Amino acid sequence: MGRVPNVTRADAQAALRNPLAFIAARWTPDPRTVRRAALAALVMSVVIVVTGGAVRLTGSGLGCPTWPKCTEDSLTTTSEMGLHGVIEFGNRLLTYVLCAAVGWAIVAARSQKPYRRSLTLLGWTQFWIVMGNAVLGGIVVLVGLNPYTVAAHFLLSSALIAVATVMWQRTREGDAEPRPLVGKAVQQLVWFLVAASVLLIAAGTVVTGAGPHAGDSSEVPRMPLDWETVTKLHAVLAWIVVTLTFALWFVLKAVDAPKEPLARTRELFLILLAQGVIGYVQYFTDLPEVLVGAHMFGSCVMWIWVLRVLLSLRERPGPAPQPSAVPAQEPATSASIAGPR
């Protein structure tokens, strides 16, 4: 076991001034570690949406009736609040797990060599979205689950998933200028698909806001819209997304596109079919909570794959490997152990 280096007063001051730079100067993560950190942040961004849906579907949205405390007198849930309090407070605690996952992604990206500023910025963007959504979640509770704030809460979570997906993809790419793999017309078709998917997700929040699952057993206001009408609009948008995806798949095969965009499009088509089956079954079975939760999870997966289709249309090769400056017959010595320059 090697000797633990002494931490000087200057080291401690440097760590306090800029802890990320301090860690980056002493740790270089493996590229797989950076990818796993970005993936962990993406997974947690989906988990927090699903557990938030569980809070609403179990009627636990006001299990903790205030914020940032759980009650006026207690930071945590109390025994008098029962299962609803446990569910709501548990979802609040998962926010800290999400913060830890995003923090790990930021630290890993900041410590990677060579330093990639764009990757670190994507990590920090996730952090600020999480902070903003935590405050918005508190506002949702304080205004008694107002459906418009609930919808905004979900849409901001979708933005978090988008940024996390982009960061995960960027960890597997280089920083060279992106090179398109398909023509302009195909790119425009995919952007139509992205726009239709955004409208589909937004319409889904309206269906939720006007529907029966208000999030609490008390009287919670709903959006003053006809639920049947907005549900049918949501279904029409879903069919538009499915049609655009099928058309994209057909076009990619016709132009003999590279296998990456073709594979991502095929996967998206299958995800949409599964999501459509769940959607129609829940509609005709009076919205059972389990199926509604599965539909929310499917919405997250669908959004990730739409973005993966978009990102698959170009490639960004990494830098060419640099020849070693150390002659082959010499052992790697001081350059590898002297620490960062």
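**Exercise 1. Cysteines**

Does Cys99 count as buried, exposed or partly exposed? Then determine how many disulfides the model contains, and describe the link that Cys64 and Cys70 form.

*Solution.* The structure is a predicted model, and the values below are computed from it. Begin with Cys99: because its relative accessibility is 23%, and the partly exposed class lies between 20% and 50%, Cys99 counts as partly exposed. Cys300, by contrast, has a relative accessible area of 3% and is buried. Next, apply the rule that a disulfide needs two cysteine sulfur atoms within 2.5 Å; the count comes to 1 disulfide. The sulfur atoms of Cys64 and Cys70 are 1.9 Å apart, and these two residues form a disulfide. Finally, consider its geometry and setting: the angle about the S-S bond is -70 degrees, which makes the link of Cys64 and Cys70 left-handed, and both cysteines are buried.

**Exercise 2. The pairing of α6 and α7**

Determine how helix α6 is oriented relative to helix α7, and which residues make the contact.

*Solution.* Start from the axes: those of α6, residues 147-170, and α7, residues 184-210, come within 9 Å and cross at roughly 150 degrees. Because angles over 145 degrees count as roughly antiparallel, α6 is roughly antiparallel to α7. The handedness is a separate question, and here α6 passes α7 in a right-handed crossing. On the α6 side, the contact is made by Pro147, Ala151, Phe154, Leu155 and Ser158, while α7 supplies Ile201, Ala202, Thr205 and Gly209. Sorting these residues by class gives 6 nonpolar, 3 polar and no charged residues.

**Exercise 3. Backbone geometry in the loops**

Locate the cis peptide bonds that precede Pro68 and Pro114, and then compare the burial of Asp286 and Leu287, for each of which phi is positive.

*Solution.* Take the prolines in turn. The peptide bond from Trp67 to Pro68 is cis, with omega near 5 degrees, and Pro68 lies in the loop between α3 (31-57) and α4 (82-111). Lys113 and Pro114 are likewise joined by a cis peptide bond, with omega about -5 degrees, and Pro114 is placed in the loop between α4 and α5 (117-142).

Turn now to the positive phi values. Asp286, which is not a glycine, has phi near 60 degrees and is found in the loop between α9 (259-284) and α10 (289-311). Leu287, also not a glycine, has a phi of about 55 degrees and lies in the loop between α9 and α10. Their burial classes separate them: Asp286 counts as exposed because its relative accessibility is 71%, whereas Leu287, at 12%, counts as buried.

**Exercise 4. The surroundings of Arg170**

Is Arg170 buried or exposed, and which residues does Arg170 touch beyond those up to four places away in sequence?

*Solution.* First place the residue: Arg170 is in helix α6. Its relative accessible area is 7%, and since buried means under 20%, Arg170 is buried. Then list its contacts: leaving out residues up to four places away in sequence, Arg170 touches Arg116, Ser118, Leu119, Leu122, Asp175, Arg314 and Arg316. As a last step, set separation along the chain against separation in space: Arg170 and Leu311 are 141 residues apart in sequence, while their C-alpha atoms are 9.3 Å apart.

Definitions and conventions: Residues numbered from 1 in each chain as written. Predicted model: local features only at pLDDT ≥ 70, side-chain atom pairs only at ≥ 80, totals over all residues. Heavy atoms only, no water. Axes fitted to C-alpha atoms, helices over the stretch in contact; angles between N-to-C directions. Helix = DSSP H or I, 4+ residues; strand = E, 2+ residues; numbered from the N terminus. Parallel < 35°, antiparallel > 145°, perpendicular 65-115°, else oblique. Left-handed = near helix turned anticlockwise from the far one by under 90°. Contact = heavy atoms within 4.5 Å. Nonpolar A, V, L, I, M, F, W, Y, C, P; charged D, E, K, R; others polar. Buried < 20%, exposed > 50% of the residue type's maximum accessible area, 1.4 Å probe, protein only.
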